[in-house]
Amino acid sequence: MTAVLVMFRMLLRQQIAVGRFILAGAFTALFVILALTSSGSPSEELESTVLVVLGLGLNLMVPIITLVAATSALGDLVDDETLVYLWHRPTPRWKLALAAWLASVAMAAPLTILPLALTSLLSSGATAAVGAAASAALSVLAYSGLFVFLGLLLRRALIWGLLYLFIWEAVLSNFADGVATLSITTYPTSVLANITEVDVGLNPRSTAVSIIVSLVVAAVGVALTARRLDTMDIA
Amino acid sequence: MTDAPFPTDPPTGPPATPAPDTMPLPPAPAAWPPPDATIVAYDVSKSFGGVVAVSNISMAVRPGVTALLGPNGAGKSTMLRMLSGQAKPSTGSVWVAGGDPRKDPEARGRIGLVPQQDGVFEKENLLDVVTLAATLSEIPEPRERAREALRTVELDPDLERPVGAFSKGMRQRVKIASALVHNPLVLMLDEPLNGLDPRQRRQMIELFHQLGETGRTVLVSSHVLEEVERFGSHVVVIAKGRLAAQGDFRAIRGLMDDQPLRVRVVTSHIKEVTAALVASGAVVGCRIESDQRVEIVTDDIRRFRREVAVACRHYDARLEEIMPLDDDLESVFRYLVGGAG
């Protein structure tokens, strides 16, 4: 696993950029303000916090921050033509794909899970915090798999990713339960609903199914990334 | 991509020689690819959309230093990218250091690659960049080996600045150190001397020669002829995406029967000797440069050599010099590229 660790460390360092932290900071500030200003009775407080976690956190902040982190994990290396220095070594492709996924998770997780969990804790208590943290973690794991692959597959992956998030995840998946089954956000949202027992306007899947589906999405994303690394031309 | 019938292991041992007491046989047609070739491309083409960048190139490279030569846009970098495994040939196949570098990680591990692009991991320091390369090549003591590789290219391993703050020449040397760190059997370098100062260029060329002399295959792509000439005489010339020639460039020149040779003759009786040569029909043109020097154009070098000796003897002239003027790489390159495609 030494190869995975050294590539993970290097990819993570390459990802760190001021602009990305400003983006994450802006989302975090917006989320904190909305969550802390929501008020009502204790039960209403939990419900309003969960709805803010869902609406601003799971639907917007987590996927977008993960999109930025994940598409840049290998996409930046494609753009600046440095991927060849990792690609040309006798390391199996899946190790590079795994390292990129880990780097994306390591970048996005603290920027999303911590603010969601802390703010939920302050505004509504431990149950909301656990629900927020667990659902955000699953979301980061799954979206990282998908968006690392997207970053390698497409130029302007950020734009395509945003289109996917707004058209598929935010709009189309709300039309029918069948479509929602194919939406990644359905599963973290189900975990949030199951833990907090708040009605989020969705037929929630079981927690076990939600965890499994999210991990499968992540694994499929890593596998597709490895496959793409194997077949693509490298600058 | 078709599977070519290439050996899976580099052949070893000298080629067979005939027993000394047998009657000499006419030379057999040269086997292709040569048994000691470490890089073989078989009928390789590469297209981007409808544009053909490389067309049906078959080439073989043996241990030693070989220059991959061609004008800008000729297809050198595309060819090198296919040989290194970075690009998949549209048709044909590639065999390098015991396997297909795209499919065979072990073969890839025997290749050192210096790509053309400038970028290196700009936030890392140079020791971390080269150590990363060593670690991914799974060699023991990667950090110590990285230090050695950096010293080989005259860089201080303890420099703490990030690579992004380095000059182009320093970044180029970091790339070369990364390519050398695992002691590869085959080294492929795309325009490796870009950004280096003259002293560093000399040092790098010397290093490539040392590697070539120790049995490694060094394939260097360049469009700078003076640079290529110093790499040695083995060239692979690509022009307009096609193979124009491969081999020793002086031998290539010798085979160009359709290109008259220019030769400078220095002798004490210049007018008489020149007149005799013209009268003999051994020359097709001449230009007297001074009272002792004439530039001759001939389309039959062997006959010219005979006739010049006869003329000098006849006039009792002292023959001081016969110097070919266009068997240098630049002339060969000009003829090849001019005639390609």
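Mentor: Domain bounds here come from an automatic or database domain assignment. The model is predicted: local features need pLDDT of at least 70 and side-chain atom pairs count only at pLDDT 80 or more, while totals for chains, interfaces and linings use all residues. Residues are numbered from 1 along each chain as its sequence is written, with chains lettered from A and ligands numbered from 1 in the order in which they are written.

Trainee: Which residues make up domain 2 of chain B?

Mentor: The assignment gives chain B a domain 1, at 39-253. Domain 2 of chain B is written as two stretches: 256-326 + 333-339.

Trainee: What distance separates the centres of domain 1 and domain 2 of chain B?

Mentor: Take the centres over C-alpha atoms. For domain 1 and domain 2 of chain B, the separation is 41 Å.

Trainee: Which elements give two or more residues to the side of domain 1 of chain B that touches domain 2 of chain B?

Mentor: Contact means C-beta atoms, placed from the backbone, within 7 Å. Eight residues of domain 1 of chain B meet four of domain 2 of chain B this way. The elements giving two or more to the domain 1 side are strands (DSSP E runs of at least two residues, numbered from the N terminus). They are β8 (234-239) and β9 (242-248) of chain B.

Trainee: Which strands stand at the edges of the open sheet in chain B?

Mentor: Pairing takes at least two DSSP bridges between strands. The antiparallel order is β2-β1-β4 in chain B. Each edge strand has a single partner, so one side is left without a neighbour in the sheet. Those strands are β2 (51-61) and β4 (91-96) of chain B.

Trainee: Which residue of β4(B) stands opposite Ile39(B)?

Mentor: Strand β1 (residues 39-48) of chain B pairs with β4(B) over five bridges, in the antiparallel sense. Opposite Ile39(B) stands Val96(B).

Definitions and conventions
Helices (H or I, at least four residues) and strands (E, at least two) are DSSP runs, numbered from the N terminus. Two residues are in contact if their C-beta atoms, placed from the backbone, lie within 7 Å.
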